[in-house]
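Student: I should like a close look at a single part of this protein, set within the architecture that surrounds it. Please treat one helix in detail and then relate it to other parts of the chain.

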Amino acid sequence: MAHRAGGRALCLLRGRLRLPGPARLGSSGAAVQRAPQAAGAEEAGEDAGISARKKTFTEVQTERLEQAEQTVLIKCPPKINEKKLLQYLSSHGNIKSHFFFENHGIHALVEFSEKNSIASLQDAIGIPSTAEHYVVPFKSRLFTFKLKNPVSQAAEETPVHLSPQSHIPVNELIQKLCCADSISTQMYILLNEYQLTEENIKLRFLACSLVRDFARAFFPDSTVKPFGSSVNTFGKLGCDVDMFLDFHDIQKHATMMKKGPFEMEYQMKRLPSERLATQKILSVIGDCLDNFGPGCSSVQKILHARCPLVKFSHQPTGFQCDLSVSNSIAIRSSELLYIYGCLDSRVRALVFSVRCWARVHGLTNSVPGTWITNFSLTMMVMFFLQKRSPPIIPTLNQLKELAGEKDKHVIGGYDCSFVSDLSKIKPTKNTETLDVLLGDFFEYFGNFDFRKNSINLRKGKEVNKPESSPLYIWNPFEQDLNISKNVNQPQLEKFVAMARESAWILQKEDKTQRKINKEPWGLAAILIPFGKSNPSKMKNRMKGIGSETIRSLLDSLKLNTASTVQKAAGK
């Protein structure tokens, strides 16, 4: 993955942002693309480079989880000699990779080539001595190193490069965007500033691996895997880590073993429901993290939610974490987005730009509420890209048609089948630039008939709303669920107003004049709250939106009346 400032440098070449280094599928979830393209015929070669080796979602996750098991996290002294630290650690085994980062002090993530190197290092590390507290003697892969002779050793200290773990503020981003020469380039600059770095991805998988160490005390064959934004290629620096305790490998051996004259099975605790089992498991793991987990704090057990979970802060890595159990459909959603993110570099660039725009204008929020979520917004972008002519990404039904036997998954009665091998998906023939796509996205949803139509990614077309929620986006897999049910009418109207205003700015602005006047232009211009710069113009373009509430209420009454009549007729 492209490194941020301070890592490998970004360069602008022929007006397009290029990421140095060979094309490879990445890391995390994040497809690492050699050259984000301003799509066009001349860039077919670059797309071919991305297609050179397309790892499946499962391959990437397996590789990352194995790396995490060979990794330790060290809290370093304030002044550290990198060469001496690595020299000492190398005495326990070959170091495959390492980096430093700041999180209430300097930390080093060190990946060894072999797992037994960690055991060797653990044998050399002592239990902390303290007169004030009793320490819980759990030997994790979190260590603290201190200098034996701070004064003499500090003189040998050389500055270490710290890998950034957060993105730059929006005002700094806007300044960078103004130096670009096209909206497409602006969007790739934003992508590179906000996307998860290679180092941040490794840290996320390590956090899961450290929680897994606790879980295996009770369930030796279990694993803890990240899902959602950490692995679907759309994660932003600073986003939470969603993880789940997976018993899939155990369930594969659920049938009774037959050997000789016997059918053999374990004696196990039996509970009335899977939900109750999930609640009990999470309750115990939550208590374990709270009482014994180094660096785990603010543990909250939310066991009666639709999807029970444990929330906690993992201080050594700096992440806020949510732990659930065997969230199979969420994993399928993560893989679906991973595939879409890998198919075309414009997909991720557009999603990151739209989500940044939405956050600036208060359309999304990190706190649950009545606003549009990032997931809903991402689904809207995907739907828009399915609607292009020709389409940029396929529908879910089209991906299902390409599915092989191994790709077939039915979870809880829901068909979650789609192809996992990216090489089976034909590349798009669409050559539209991101300049066009960004403006058209805002125009499309600024004029979308939300009163009548819903958004369906499985079919890739608008369908009549099955009920009167202001915004209806079909869950791609659980087709009886609306993923945007939380959104109320005022929030939807605000989204429409902001979309119309942004479309107008991108269509009407004089880019050359704005550059001469040193004013934000293009993407930068729509990342500034509109009310601060042009409230009167915006008011005129919002005319007619207020009546949506009345029309929505009337539609709701019609639907309810029709439902009542139907029920009465059936009696």
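Tutor: Of the 571 residues in the protein, 50% are buried. The model is a predicted one, and it contains 20 helices and 17 strands. Among contacts with a separation of 6 or more, 67% join residues that lie 24 or more positions apart. The helix chosen for the close look is α13, which covers residues 374-386.

Consider first the dimensions of this helix. α13 has 13 residues, and the distance from its first C-alpha to its last is 18 Å, close to the 18 Å expected at 1.5 Å a residue. Its burial comes next: 11 of the 13 residues of α13 are buried, so the helix is largely enclosed by the rest of the structure. The buried residues are Ser376, Leu377, Thr378, Met379, Met380, Val381, Met382, Phe383, Phe384, Leu385 and Gln386.

Serine 376, which lies in α13, shows this burial at the level of one residue. Its relative accessible area is 0%, and it therefore falls in the buried class, for which the value must be under 20%. Setting aside residues up to four places away in sequence, serine 376 touches Ile473, Ile483 and Ser484. Its C-alpha is 10.0 Å from that of threonine 364, with the two positions 12 residues apart in sequence.

A helix partner of α13 is α15, residues 434-446; the two pack at an angle of about 105 degrees, and their axes are 11 Å apart. Because angles from 65 to 115 degrees count as roughly perpendicular, α13 is roughly perpendicular to α15. On the α13 side, the contact is made by Met380, Val381, Phe383, Phe384 and Leu385. On the α15 side, Leu437, Asp440, Phe441, Tyr444 and Phe445 take part. By class, the residues of this contact divide into nine nonpolar, no polar and one charged.

The loop between α13 and α14 (396-401) contains proline 390. The peptide bond from serine 389 to proline 390 is cis, with omega near -5 degrees. As a general matter, most peptide bonds are trans, and most residues other than glycine have a negative phi.

Two residues elsewhere in the chain have a positive phi. Histidine 104, in the loop between β4 (95-102) and β5, is a residue other than glycine with phi near 55 degrees. Histidine 104 is exposed, its relative accessible area being 73%. Serine 298 is likewise a residue other than glycine with a positive phi, near 50 degrees, but its place is in strand β11, residues 296-302. With a relative accessible area of 55%, serine 298 is exposed.

Two further helices allow the question of burial to be put in terms of helix faces. In α2 (57-69), the 13 residues should span 18 Å at 1.5 Å a residue, and the end C-alpha atoms are 19 Å apart, which agrees. Phe57, Val60, Gln61, Arg64, Leu65, Gln67 and Ala68 are the buried residues of α2. These residues cover an arc of only 160 degrees around the axis, which puts them on the same side of α2. They pack against β3, β5, α8 (198-218), β7 (223-227) and α11 (328-343).

In α4, residues 116-123, the buried residues are Ser117, Ile118 and Leu121. Their arc around the axis is only 100 degrees, which places them on the same side of α4. The face turned away from that buried side carries the exposed residues Asn116 and Asp123. Among the elements that cover the buried residues of α4 are α2, β3 (71-75), α3 (82-90), β5 (106-112) and β6 (142-144).

A last residue, glutamine 279, lies in helix α10, residues 274-292. At 13% relative accessibility, glutamine 279 counts as buried. Leaving aside neighbours within four places in sequence, glutamine 279 is in contact with Leu303, His304 and Pro308. Its C-alpha lies 9.0 Å from that of valine 325, although 46 residues separate the two in sequence.

To return to the helix under examination, α13 is largely enclosed, because 11 of its 13 residues are buried. Its contact with α15 includes Phe383 and Phe384 from α13 and Phe441 and Phe445 from α15.

Notes
Residues are numbered from 1 along each chain as its sequence is written. This is a predicted model: local features need pLDDT of at least 70, side-chain atom pairs count only at pLDDT 80 or more; totals for chains, interfaces and linings use all residues. Side-chain values use heavy atoms; hydrogens and water are left out. Axes are lines fitted to C-alpha atoms, for helices over the stretch in contact, and angles run from 0 to 180 degrees between N-to-C directions. Helices (H or I, at least four residues) and strands (E, at least two) are DSSP runs, numbered from the N terminus. Angles under 35 degrees count as roughly parallel, over 145 as roughly antiparallel, 65 to 115 as roughly perpendicular and the rest as oblique. Contact means heavy atoms within 4.5 Å. Ala, Val, Leu, Ile, Met, Phe, Trp, Tyr, Cys and Pro count as nonpolar, Asp, Glu, Lys and Arg as charged, and the others, Gly among them, as polar. Buried means under 20% relative accessible area, exposed over 50%, partly exposed in between (1.4 Å probe, protein chains only). The arc is that of the directions from the helix axis to the C-beta atoms. The expected span of a helix is 1.5 Å times one less than its number of residues.
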